[in-house]
Amino acid sequence: MSVLTRDEAQTRAELLAVHRYTIELDLTGGDETFDSRTLIRFDARVDGDTFVELKPAELRSVTLDGHPLDPEALDGNRLALPNLTAGEHELRVDARMRYSRTGEGMHRFTDPTDNETYVYTQLFMDDVQRVFAAFDQPDLKAVFELSVKAPQDWTVLANGVTEQVDGVWKAAPTPLISTYLVAVAAGPWHSVRTEHRGLPFGLHCRRSLAPYLDADADELLDITRACYDRYHEKFDEPYQFDSYDQAFVPEFNAGAMENPGLVTFRDEFVYRSAVTDTERQTRAMVIAHEMAHMWFGDLVTLKWWDDIWLNESFAEYMGYQTLTEATRFTDTWTDFGVTRKSWGYDADQRPSTHPVAPEAVDDTASALLNFDGISYAKGASALRQLVAWLGEKDFLAGINTHFARHKFANATLADFIDNLAGATDRDVHAWADAWLRTTGVDTLTPRVTPGENGTCVLTVDRAGSRPHRIAAGLYDRDLGDDGGQLVLRERLHLDLPQTDAHPIGKRPALLLLNDGDLTYAKVRFDPESFETVRKELSGLPEPLTRAVVWNALRDAVRDGELAPGAYLETARAHLPLETDLAIVQGVLAFASAYITDRYLTPEERPAALATLSDLCRDLIRRTEDGDNPGLRLIAVRHRIDVAAHPDTIAAWLADGTVPGGPELDPELRWRVLARLAVLGATDEAAIAAELERDPSATGQEGAARCRAALPDPEAKARAWEAMFGSDDLSNYLFTATARGFWQPEQADLVREYVGRYYADAVAVADRRGPAIADAAGRWAFPAHAVDADTLRLGEECLRDADPIPALRRKLVDQLDDLARALRVQGVGEN
């Protein structure tokens, strides 16, 4: 299959003006394929040659202006349209298309709970070609008119309002949108419908999830309404589509997709089990993020994929900011600092890093790789810094000019910067060059030196090239009766680079750069402040301040400047006193996934697990009064994950509850069983019994993970064959199996598979495509095998095996993380 290059897209956009797609889909033809008939009306501006894209199971017929074309002329995913004359044209394509089991194109899923079937589209980047013929690039916008024949008891959702006429569902024609934004979701949906400001709103999920959606429908709709209203206060252009449906769909590869009028979400957001308030906040942020896309991406669309940030960075920033302003979730930036920002920092320090706005993305395969922590988290951080520097009034004025000039059309970085520059006297072009065209993370280090009369002065050293507007927090010890607290004396507002030393009076107990987390940079501590952090971190008054400190400690571990054991000691001392759930979750996640599993040697790991187990036990004891169920849930989850001995958690599973609560819901039961499998304290009979108790889709995933985690050579062989020897696993079942397979406790048992991984991953990626390649690189990689041989084998694979781009990117990142872990382990030995 050929990928579309930027040059080809530019040439085709100069030749064609595409007006309307009329698409007929027939979903009644069986489990493997569906019928797709497409009529494309377009103009050629001059005489010329071009091509249309599709990936059919069978191409039955093609006619151009009533004249048949040879279906055998299809070359991969391209059908040539030679010798076009200037003027109007009609292209008709009749094809049979394959359903997907990997979340790409038209994904088909049968719910094991009730045997009901659902299909939905995910057409991002170039997967529209799996559903209908198209001139598939973002700057050839058109009107889309869809009709769908579906089984009698199904409901069909689409970008516009749908109605059933003579057994066929017809969707209202869309405004001008790009091909990748077309959406269909069909099946026996359970729906909750309402109206807001005259617009139909809907929530949809599988029937088996109906009670869980109903339980949260008011919360979901309240958030949707609040964000909708707040965006209409911010933006001059109103929402331009005729409805707003949100469908929670199975086995979805992303968090969500911003199809106008029909946003699709992974249906794990319909909670079957207990969740924390921070997890509810994350779901709310995704709702806000996707709604922001109705303007950033859907109304005004990037011209080519080098401007992904115009979609994702803005939606990310607006999602967090709008949620903070419009809902009860007022601490969203703390969660961003803990969970999202580290994603950006990590990505930006790997060999695969790229600018937020790269100057050239050559083709669609390369573009797909840029949907990462840089385009989301770093880009959003850059925008937050821009707002701090520019002021929100001028920022929104520039955005609204951008919408007015480019609505229903396409725009570039240059367009946006010009529109922003018109709203301010500041040099936005220079800002964009410094922030959007460069890579890497600046590091800010304070120097506190003596001044006059017992006072001190502050100088900030900057390793890097970007300007920063930051706050420096000066904290003193509380000398009152309570003690144990740090009190903010002052926040200095600094513009960097600067050479002036700042008088700060007496030396503070803690000087914290980037207090408030308004810029994107690593920060370090002066020696006195570092001692205060280690002893008194939990005494800082604001969660966002503590998040900045925890991120600084995390960065120091990754950079080899702080021993992993010291991080664990700090967590052991201060996390039992932490009140913010996002911080507790983030610190425990880093401590378990990185400190214990990668950064400490196998000999050091048992003691680290014991430390984390004790820490979780303290949190569980602290929450015995029931006042903080979210904190207790986090502690119980991690206590299960770090259990070195089965007795306690096995007793929880047998009793169906943790003493004092919570009762074990399906998520906790599968979590316990997975850990027992790792420890060799359960068997196939117990897994089968649990699956009979919970035969849902998530139950199937839980069983796959448990079976792959059993410390048995035959179990490992079966799991490996399922992942790499056959193509039967769906994207979710592949991931579940991969997550169970590698366990640090089983390093000797799975050692032979480390050498097999690279060749098998390359082969399965070649056969099954980018979604499985991503899963194979992310979840099936032997990340626990921190040794020189794993690194050498990976480097040989990259040099000799030519993995497809999606897998190559994942391997580059994993190998860089592996090399970093080897360096950090060396720090731990010193």
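**Values against cut-offs**

Me: Why is Tyr757 called buried?
Reply: Tyr757 has a relative accessible area of 0%. Buried means under 20%, exposed over 50% and partly exposed in between (1.4 Å probe, protein chains only), so Tyr757 is buried. The model is predicted, and local features need pLDDT of at least 70, side-chain atom pairs pLDDT 80 or more, while totals for chains, interfaces and linings use all residues. Residues are numbered from 1 along each chain as its sequence is written, and side-chain values use heavy atoms, with hydrogens and water left out.

Me: How many aromatic pairs are there?
Reply: The count comes to 54 aromatic pairs. In one of them, Phe124 and Phe371 are 4.7 Å apart, centre to centre, with 85° between the planes. The rule takes rings of Phe, Tyr and Trp (its six-membered ring) with centres within 6.5 Å; planes under 30 degrees apart are stacked, over 60 edge-to-face and the rest tilted. Phe124 and Phe371 are therefore a pair, and an edge-to-face one.

Me: What makes this pair one that links distant parts of the chain?
Reply: The two residues are 247 residues apart. Phe124 is in the loop between β9 (117-122) and β10 (143-149), and Phe371 in the loop between α6 (364-368) and α7 (374-390). Helices (H or I, at least four residues) and strands (E, at least two) are DSSP runs numbered from the N terminus. Phe124, at 13% relative accessibility, counts as buried.

Me: Why is the pair of Tyr757 and Tyr758 called edge-to-face?
Reply: Their planes are 70° apart and their centres 5.2 Å, so both cut-offs for an edge-to-face pair are met. Tyr758 is buried too, at 4%.

Me: What sits over the ring of Phe51?
Reply: The charged end of Arg78 does, 4.2 Å from the centre of the Phe51 ring. The rule asks for NZ of Lys or CZ of Arg within 6 Å of the ring centre and within 35 degrees of the ring normal. Arg108 likewise lies over the face of Tyr99, at 4.8 Å from the ring centre.

Me: How do you know that Lys234 forms a salt bridge with Glu325?
Reply: Their closest N and O atoms are 3.1 Å apart. A salt bridge is a side-chain nitrogen of Lys or Arg within 4 Å of a carboxyl oxygen of Asp or Glu, so 3.1 Å qualifies. Lys234 is in helix α2 and Glu325 in helix α4 (residues 308-326), 91 residues apart. Lys234 is buried at 5%, whereas Glu325 is partly exposed at 29%.

Me: What ties together the parts that hold Asp515 and Arg491?
Reply: Their side chains meet in a salt bridge, 3.0 Å from N to O. Asp515 lies in the loop between β27 (510-513) and β28 and Arg491 in strand β25 (residues 486-496), so parts 24 residues apart in sequence are tied together. Asp515 is buried at 2%, and Arg491 is partly exposed at 26%. Elsewhere, Arg230, Glu233, Lys234, Glu325 and Glu392 are joined into one network by salt bridges that share partners.

Me: What makes β22 and β28 a pair of strands?
Reply: Pairing requires that DSSP finds at least two bridges between the strands. Strand β22 (residues 443-450) and β28 have two bridges, in the parallel sense, so the rule is met. Within this pairing, Leu444 stands opposite Val523 in β28.
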